[in-house]
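Here are some friendly exercises to work through with the structure open beside you. Try each task before you read its solution.

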Amino acid sequence: MAGKFEIKTSDKGTLSFALKAGNGEIIAVSQQYANLNACKKGINSVKRNAPIAKIEDQTEGEVITVTNPKFEVYADKKGEIRFRLKARNGQVVVTGEGYKAKAGCLKGIESIRRNAPDAEIVIID
């Protein structure tokens, strides 16, 4: 089963999307967008940038900065390891869930790379 982008409208009328793997698990979620066109542009940014984005590991002592597009791997306030995908313009396009170990986070990034390019777009009512 292929991955898919699911677009949902919030109670406030803004839109966001989630990238789901073929098994239905959420891999990453977006920010809020004002309209459907902007939301679809965000999805297209993930499709374009995820396969070519380098990884910048901010959990190590000395961070080696890489250029955008990139996946930033970082530790959150709870000590969980997370990632965010930044587009060429530096905007955060999607963020991932918290992982207990960096290996799980890196698997999440690989899942985005595999699923995003060919994922269909579905609008959820």
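**Exercise 1. Aromatic pairs**

Task: Find how many aromatic pairs the protein has, then work out how the rings of Phe5 and Phe17 are arranged.

Solution. Keep in mind that you are looking at a predicted model. Start with the count: ring centres within 6.5 Å make a pair, and by this rule there are three aromatic pairs. Now take Phe5 and Phe17, whose ring centres are 5.6 Å apart and whose planes stand at 75°. Planes over 60 degrees apart count as edge-to-face, so the pair of Phe5 and Phe17 is edge-to-face. Next, place the two residues: Phe5 lies in strand β1 (residues 4-9), and Phe17 lies in strand β2 (residues 15-20). The pair therefore ties together parts that are twelve residues apart in sequence. Finally, check the burial: both Phe5 and Phe17 are buried.

**Exercise 2. A second pair**

Task: Work out how the rings of Phe17 and Tyr33 are arranged, and where the two residues lie.

Solution. First look at the geometry, where the ring centres of Phe17 and Tyr33 are 6.1 Å apart and the planes meet at 15°. Planes under 30 degrees apart count as stacked, so this pair is stacked. Then place the residues: Phe17 is in strand β2, while Tyr33 is in the loop between β3 (26-30) and α1 (36-49). Parts that are 16 residues apart in sequence are thus tied together by this pair. Tyr33 is buried, and so is Phe17. To finish, put the residues of both exercises together: Phe5, Phe17 and Tyr33 form one aromatic cluster.

**Exercise 3. Buried or partly exposed?**

Task: Decide whether Ser45 is buried or exposed, and do the same for Thr59.

Solution. Begin with Ser45, which lies in helix α1. Its relative accessible area is 8%, and buried means under 20%, so Ser45 is buried. Leaving out residues up to four places away in sequence, Ser45 touches Ala50, Ala87 and Val93.

Now turn to Thr59, in the loop between β4 (54-57) and β5 (70-75). With a relative accessible area of 27%, Thr59 is partly exposed. Thr59 and Val73 are 14 residues apart along the chain, and their C-alpha atoms are separated by 6.8 Å. Apart from neighbours within four places in sequence, Thr59 is in contact with Val73, Tyr74, Ala75, Ile81 and Lys102.

**Exercise 4. A peptide bond to look at**

Task: Find out what kind of peptide bond joins Asn68 and Pro69.

Solution. Recall that most peptide bonds are trans. Then look at omega between Asn68 and Pro69, which is about 0°, and the bond is cis. Pro69 lies in the loop between β4 and β5.

**Exercise 5. The whole protein**

Task: List the elements of the protein in order from the N terminus, then compare the radius of gyration with the globule rule.

Solution. Count the elements: there are two helices and eight strands. From the N terminus they follow the order β-β-β-α-β-β-β-β-α-β. The radius of gyration is 14 Å, close to the 14 Å that the globule rule gives for 125 residues, so the protein is as compact as a globular protein of that length. Along its principal axes, the C-alpha trace spans about 45 × 30 × 30 Å. As a last step, look at burial across the chain: buried residues make up 42% of the 125 residues.

Methods:
Residues are numbered from 1 along each chain as its sequence is written. This is a predicted model: local features need pLDDT of at least 70, side-chain atom pairs count only at pLDDT 80 or more; totals for chains, interfaces and linings use all residues. Side-chain values use heavy atoms; hydrogens and water are left out. Helices (H or I, at least four residues) and strands (E, at least two) are DSSP runs, numbered from the N terminus. The radius of gyration is taken over C-alpha atoms; the globule rule is 2.2 Å times the number of residues to the power 0.38. Buried means under 20% relative accessible area, exposed over 50%, partly exposed in between (1.4 Å probe, protein chains only). Rings of Phe, Tyr and Trp (its six-membered ring) pair if their centres lie within 6.5 Å; planes under 30 degrees apart count as stacked, over 60 as edge-to-face and the rest as tilted. Contact means heavy atoms within 4.5 Å.
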